[in-house]
Protein chains: 2
Amino acid sequence: MEMVEEHRIFAGQQQRWRHTSSVLQCEMTFSIFIPPARHDAPPPVLYWLSGLTCNDENFTTKAGAQRVAAELGIVLVMPDTSPRGDAVADDDAYDLGKGAGFYLNATREPWAAHYRMYDYLRDELPALIRSHFTVGERESIFGHSMGGHGALVMALRNPGRFRSVSAFAPIVNPAAVPWGEKAFSAYLGDDRAAWQAWDSCALMENADAMLPTLIDQGESDNFLEGQLKPERLAAVAKAKGWPLELRMQPGYDHSYYFIASFVEDHLRFHAQHLFS
Amino acid sequence: MEMVEEHRIFAGQQQRWRHTSSVLQCEMTFSIFIPPARHDAPPPVLYWLSGLTCNDENFTTKAGAQRVAAELGIVLVMPDTSPRGDAVADDDAYDLGKGAGFYLNATREPWAAHYRMYDYLRDELPALIRSHFTVGERESIFGHSMGGHGALVMALRNPGRFRSVSAFAPIVNPAAVPWGEKAFSAYLGDDRAAWQAWDSCALMENADAMLPTLIDQGESDNFLEGQLKPERLAAVAKAKGWPLELRMQPGYDHSYYFIASFVEDHLRFHAQHLFS
């Protein structure tokens, strides 16, 4: 593992690392923010999963999260959104292939060889983080759009693993919206039953263990009606008594300006559960 | 004047505008943050001047300034760093031509036709802002690196115009460092006497009217010794009793991670003078 960049920010360290992923069979890059020491115990880890077309740097440079993470004493880990490199299959579209891994394990060619972002994020990357950095055992996860989908799926499929989950404008029902239908058809094939394992609405319906869940959604988000549909997850949550807070934010769109506006709320929400 | 982008952020509006500049003889783009209404009086304006290679979006997306500007009720205006377009002279180097206007009025060809950023920023852009937006009369100015030079020069050449000036890692003595020598030779010619009108150290030495001045400088900035040399301006300030605070920040580099870490201090510094 090799550090490729390091900057001081809010008295902590923003670093960028390159490593060879055995799960993804390619070189990967991730970013990490290490806060100044705030507590006697090693800091908990909050994973951020980005949306379509992003890499590890979008949240790192645009969200303004380090200020609050430094204050609270939380490590932020920002992975990439897909496997990378010349050997990795790709597609010309922005919503399939590189930059659009959808945080799942692909089963169809040409994707299955490298597109295993779920295993990478569940096992390989956290092991790497724990072995190279001084971090506590507690973890939470959040993300944006495709990454909100990824964060919810990761939390729902691994009960007890995360203390809390949150999302900005997540794709909550990918099995039934155009972005998800396109990606799942390619990565998983046409058997829609197999898609349910990667769909937050379906996973929550069948989940036993609940965890605190926060979702912010801009009301002026161009993708709200066609792709995001947070009311579907809210309906599942309501039927189950799931501790989901869905906040509709008037005037906000799908951009990082929206994320920057509410990232402090999300960090404080996670801190409440990471330090309780 | 045409709005090309608009996003809600921290309950304010982040907008991007395109207009034809008669001073620069080309199309220009600027960004503006309009805070939510905080006071009865129209909000004051704080101009941000960016550094080499930047445009109006670097500070807009990376500095995290809108959060504090929204709280304080300050309009932020982010201009571009040079004239733009196919008709405008350019150079292959990153530190001359487009993206490197040095906030002066060029007198030598091929630059003189379009490179008049000083006049654009002193007169044309503020008049445009005042005619299209509801803003108060009070103004302050700040910037980074080449833009820190620009902010200081603008304040020093226009006594009484700005309430306060601040800078991150400014080029304070361009007439005597490589970046400035290269740019001034090209834009102004070889007569070094003419350079003094665009050099903060020289301008401060000859200034009568003082204004509150804050400079932050990272001690791990790669350009500190070769290009920035803030101690030279601090020496001039000390000799004159100028109200300059120079803060050396251990571990910080030249990047927006440094700017983001201290931008709140700068906004509160300017607010203190804009609202007093």
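## Two chains, two sheets: worked exercises

In this predicted model, 22 residues of chain A are in contact with 22 residues of chain B. Grab the structure and work through these.

### Exercise 1: Size up the interface

Work out how much area chain A and chain B bury between them, and what kinds of contact go with it.

**Solution.**
- Step 1: start with the area. The size of an interface is often given as the accessible area lost when the parts come together. Here chain A and chain B bury about 1800 Å² between them, and carbon and sulfur atoms carry 55% of it.
- Step 2: look for salt bridges between chain A and chain B, taking 4 Å as the cut-off from a Lys or Arg side-chain nitrogen to an Asp or Glu carboxyl oxygen. You end up with zero.
- Step 3: try polar contacts across the interface instead. Eight residue pairs turn up, with both partners at pLDDT 80 or more.

### Exercise 2: Who supplies the chain A side?

Find the elements that give two or more residues to the side of chain A that touches chain B, then sort that side by residue class.

**Solution.**
- Step 1: list the elements of chain A. They are β1 (2-9), α1 (57-62), α2 (66-72) and α10 (256-274).
- Step 2: pick the top contributor. That's α10(A), which gives the most, with five residues.
- Step 3: sort by class. The side of chain A that touches chain B has eight nonpolar and eight polar residues, plus six charged ones.

### Exercise 3: Trace the sheet in chain A

Put the strands of the chain A sheet in order, and say why β1 and β9 of chain A each have a side without a neighbour.

**Solution.**
- Step 1: walk across the sheet. Nine strands line up as β1-β2-β3-β5-β4-β6-β7-β8-β9 in chain A, making an open sheet with mixed pairing.
- Step 2: check the ends. β1 and β9 (244-249) of chain A are at the edges with a single partner strand each, so one side of each has no neighbour in the sheet.
- Step 3: get the twist. Ignoring direction, neighbouring strands are turned by 15° against each other on average.
- Step 4: zoom in on one pair. β4 (45-49) and β6 (139-144) of chain A run parallel and are joined by five bridges; Leu49(A) has Gly143(A) as its bridge partner in β6(A).
- Step 5: add the helices. α4 (146-157) of chain A packs on the sheet, touching β4, β6, β7 (165-168) and β8 (213-218) of chain A, and its direction makes about 150° with that of β6(A). A helix from the other chain packs on this sheet too: α10 (256-274) of chain B touches β1 and β2 (12-21) of chain A, at about 25° to β1(A).

### Exercise 4: Now do chain B

Describe the chain B sheet, and find which strands of chain B α10(A) lies across.

**Solution.**
- Step 1: the order in chain B is β1-β2-β3-β5-β4-β6-β7-β8-β9, again nine strands in an open, mixed sheet.
- Step 2: β1 (2-9) and β9 (244-249) of chain B are the edge strands, pairing on one side only.
- Step 3: β4 (45-49) and β5 (75-78) of chain B pair in the parallel sense over three bridges, with Leu46(B) opposite Leu76(B).
- Step 4: α10(A) lies across β1 and β2 (12-21) of chain B, at about 25° to β1(B).

### Exercise 5: Hunt for backbone oddities

Locate the cis peptide bond that joins Glu109(A) and Pro110(A), then see what Ser145(B) is up to.

**Solution.**
- Step 1: the cis bond between Glu109(A) and Pro110(A) has omega of about 5°, and Pro110(A) sits in the loop between β5 (75-78) and α3 (117-132) of chain A.
- Step 2: in chain B, the bond from Glu109(B) to Pro110(B) is cis, with omega near 5°. Pro110(B) is in the loop between β5 and α3 (117-132) of chain B.
- Step 3: Ser145(B) isn't a glycine, but its phi is positive, about 60°. Look for Ser145(B) in the loop between β6 (139-144) and α4 (146-157) of chain B.

Definitions and conventions
Residues are numbered from 1 along each chain as its sequence is written. Chains are lettered from A and ligands numbered from 1 in the order in which they are written. This is a predicted model: local features need pLDDT of at least 70, side-chain atom pairs count only at pLDDT 80 or more; totals for chains, interfaces and linings use all residues. Side-chain values use heavy atoms; hydrogens and water are left out. Contact means heavy atoms within 4.5 Å. Buried area is the accessible area (1.4 Å probe) that two parts lose on being put together, summed over both. A polar contact is a pair of N or O atoms within 3.5 Å; within protein, one must be able to donate a hydrogen and the other to accept it, and residues adjacent in sequence count only if both atoms are side-chain atoms. Helices (H or I, at least four residues) and strands (E, at least two) are DSSP runs, numbered from the N terminus. Ala, Val, Leu, Ile, Met, Phe, Trp, Tyr, Cys and Pro count as nonpolar, Asp, Glu, Lys and Arg as charged, and the others, Gly among them, as polar. Two strands pair if DSSP finds at least two bridges between them. Axes are lines fitted to C-alpha atoms, for helices over the stretch in contact, and angles run from 0 to 180 degrees between N-to-C directions.
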